[in-house]
Amino acid sequence: MSPPAPIDDLLDIDAMLAPEDIELRNTVRRFAQQRLRPHIDEWFDCGQVPARELAADFGKLGLLGMHLTGYGCGGSTATAYGLVCQELEAVDSGLRSLVSVQGSLAMFAIHRHGSEEQRSQWLPAMATGDVIGCFGLTEPDFGSNPGGMRTHARRDGSDWILNGSKMWITNGTIADISIVWARTEDGIAGFLVQAGAPGFTARTMTHKLSLRASITSELTFDDVRLPPEAKLPLAQGLSAPLSCLSEARFGIVFGAVGAARDCLEATLDYVTTRQVFDKPLSGYQLTQAKLADMAVELAKAQLLAIHLGRLKDGGHIRPDQVSIGKLNNVREALAIARQCRTLLGANGITLEYPVMRHANNLESVLTYEGTSEVHQLVIGEALTGVSAFR
């Protein structure tokens, strides 16, 4: 009997990566193994996570806003950032969400659409994890159609008065600064709302069955008065928050691969030791057929992620290409998690194994940053030239 091949070795993925990217990936993998894995089952089980402590740890590793340049950010390649997302989500999607929302939504919004003063004030402290941000776009009645948002801001002299609410906001109740998108007389605009502002409240959302190792919040704005410098001056219309979503989706393309890989690795370990009818479960043809199909889909997803990373590093990735990656990789990761559960039998529904936890998380990942249906329509429009959103 030949020794089993590590999953990463099936297509020699490392041969496609730069040595510095491999070193960073391995560093984050070791950190995740030592700092995160010993606690993730407890965090998920109790629905609580020490997000501030983890943000400080991620900041020390240089992971927050690592793909941005200047202002204390690392200026890494997109591929390196993707590999980091992959290793974090291999532990839990909620942990990758913490880094993704901080760096690719909150920090990116300030970096891309903020003033020089706003960048200098907020980004260095956000890069270290001393300041936590959140991104307020989704509303109770407007998820896939953010352009229909009801949150609005009106001028009052030189100030702005903000009213409305946001739902499903990661890190909302612990955020020091919230990037909030609102309708104005001139179109959609972004505002920086500091925690503790009069009229601003944040409530933690509980009773979740998914992303339990992540803080999810509802934000409410009741005549919140904001100074003129709270507005993001370079954010022009709905394209501004959508550009941030595309950044976050890119990290998910890699992250989903990590969740799927962890499921498959745990399952491979299980089937080689589980005895069924006096021989290992891994020795049955049906088992090997399932394992082979999952390994092939995982390898294809990894190749797609790296290809998109190369396109992004080259500066010419398109939103529809990110949609292809998000649609395929999350969909296939969820299918792998579900198939792995069948091989683990009843053991697969316990927290002793990571598979059901990943599957539950991936149900949320399938929905946020654009549902599968939205990405199908984005790809459909790229193919036909016809928008089918309305």
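A residue is called buried when its relative accessible area is under 20%, exposed when it is over 50%, and partly exposed in between, using a 1.4 Å probe and protein chains only. The exercises below concern a predicted model, in which local features need pLDDT of at least 70 and side-chain atom pairs count only at pLDDT 80 or more, while totals for chains, interfaces and linings use all residues. Residues are numbered from 1 along each chain as its sequence is written, and side-chain values use heavy atoms, with hydrogens and water left out.

**Exercise 1. The whole chain**

Find what percentage of the residues of the chain count as buried, and decide whether the radius of gyration agrees or disagrees with that of a compact globule.

Solution. Start with burial: of the 390 residues, 53% count as buried. Next, take the radius of gyration over C-alpha atoms, and for the globule rule use 2.2 Å times the number of residues to the power 0.38. For 390 residues a compact globule would have a radius near 21 Å, and the chain agrees because its own value is 21 Å. Finally, the C-alpha trace spans about 80 × 45 × 40 Å along its principal axes.

**Exercise 2. Helix H2 and the cores**

List the buried residues of helix H2, and state which helices they pack against.

Solution. Helices (H or I, at least four residues) and strands (E, at least two) are DSSP runs numbered from the N terminus, and the chain has 10 helices and 11 strands. In H2, residues 51–61, the buried residues are Ala51, Leu54, Ala55, Asp57, Phe58 and Gly59. These pack against H1, H3 (78–91), H4 and H5 (116–128). After H2 comes glycine 62, with a positive phi near 80°.

To place Phe58 in a wider setting, define a nonpolar core as a set of buried Ala, Val, Leu, Ile, Met, Phe, Trp, Tyr and Cys residues joined through side-chain atoms within 4.5 Å. The largest such core has 68 residues, and Phe58 is among the members that touch the most others, together with Leu36, Met126, Phe135, Ile179 and Trp181. Its largest share, 10 residues, is supplied by H4. Another core lies apart from it and has 29 residues, including Ile7 and Val330.

**Exercise 3. Two buried residues in helices**

Determine whether serine 100 is buried or exposed, and do likewise for threonine 287; then name the contacts of serine 100 and of threonine 287.

Solution. Serine 100 belongs to H4, residues 93–113, and its relative accessible area is 2%, so it is buried. A contact means heavy atoms within 4.5 Å; apart from neighbours within four places in sequence, serine 100 contacts Tyr81, Leu105 and Ala248. Threonine 287 sits in H7, residues 285–313, and counts as buried because its relative accessibility is 4%. With the neighbours within four places again left aside, threonine 287 contacts Val271, Leu281, Ser282 and Leu343. Threonine 287 and leucine 343 are 56 residues apart in sequence, while their C-alpha atoms are 7.4 Å apart in space.

**Exercise 4. Positive phi in loops**

For tyrosine 71 and histidine 207, identify the loop in which each is found.

Solution. Tyrosine 71 is in the loop between E1 (69–70) and E2 (73–74), and has a positive phi of about 60° although it is not a glycine. At 24% relative accessibility, tyrosine 71 counts as partly exposed. Histidine 207 lies in the loop between E8 (200–204) and E9 (216–226), with a positive phi near 60°. Since its relative accessibility is 76%, histidine 207 counts as exposed.
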